[in-house]
Amino acid sequence: EELYKIADDPGQVSNLAADSAYAETREELSQALASHLAETGDPRSRGESPWHYYPYRRGNTVQIAELE
């Protein structure tokens, strides 16, 4: 996990995720993300990888990345 205080660290150099002073914030954000992923049907909420056939743009075309 990564957690940055952008106001103080705009370059996102200092990861605060392991800092106990930010444990409550990290947990709140982690739970909010998990809820959002579940609500939107994101495969990561079910422990599935969305990257095997992930569409991406190259120029004006959409291609499918076939990863193994």
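Start at Arg44, which is partly exposed at a relative accessible area of 43%. This is a predicted model.

**Stop 1: Arg44 and its partner**

Keep Arg44 selected and add Asp42. The two form a salt bridge, with the closest N and O atoms 2.7 Å apart. Now colour by accessibility. Asp42 counts as buried, because its relative accessibility is 14% and the cut-off for buried is under 20%. Arg44, at 43%, is partly exposed.

**Stop 2: Gly41**

Step back to Gly41. This glycine sits just after helix 1 and takes a positive phi of about 75°.

**Stop 3: helix 1**

Select 23-39, the range of helix 1. Put a distance label between the end C-alpha atoms: they are 24 Å apart. How does that compare with the span that 17 residues should have at 1.5 Å a residue? The expected span is 24 Å, so the two values agree.

**Stop 4: Arg26 and Glu1**

Stay on helix 1 and pick Arg26. Arg26 is partly exposed, with a relative accessible area of 26%. Which residue forms a salt bridge with Arg26? Select Glu1: the closest N and O atoms of the pair are 2.9 Å apart. Glu1 lies in the segment before helix 1, so this salt bridge ties together parts that are 25 residues apart in sequence. Glu1 itself is exposed, at a relative accessible area of 62%.

**Stop 5: Lys5 and Asp8**

Move on to Lys5 and show Asp8 with it. Here is another salt bridge, with the closest N and O atoms 3.4 Å apart. Lys5 counts as partly exposed at 39% relative accessibility. Asp8 counts as exposed at 59%. The structure holds four salt bridges; those of Arg44, Arg26 and Lys5 are among them.

**Stop 6: Gln12**

Select Gln12, in the segment before helix 1. Check the backbone: phi is near 50°, a positive value in a residue other than glycine. Why does that deserve a look? Most residues other than glycine have a negative phi. For accessibility, Gln12 counts as partly exposed, at 44%.

**Stop 7: Ala18 and Leu3**

Finish at Ala18, also placed in the segment before helix 1. Is Ala18 buried or exposed? Its relative accessible area is 81%, so Ala18 is exposed. Now add Leu3 and draw a C-alpha to C-alpha line. The two residues are 8.6 Å apart in space and 15 residues apart in sequence.

Conventions
Residues are numbered from 1 along each chain as its sequence is written. This is a predicted model: local features need pLDDT of at least 70, side-chain atom pairs count only at pLDDT 80 or more; totals for chains, interfaces and linings use all residues. Side-chain values use heavy atoms; hydrogens and water are left out. Helices (H or I, at least four residues) and strands (E, at least two) are DSSP runs, numbered from the N terminus. Buried means under 20% relative accessible area, exposed over 50%, partly exposed in between (1.4 Å probe, protein chains only). The expected span of a helix is 1.5 Å times one less than its number of residues. A salt bridge is a side-chain nitrogen of Lys or Arg within 4 Å of a carboxyl oxygen of Asp or Glu.
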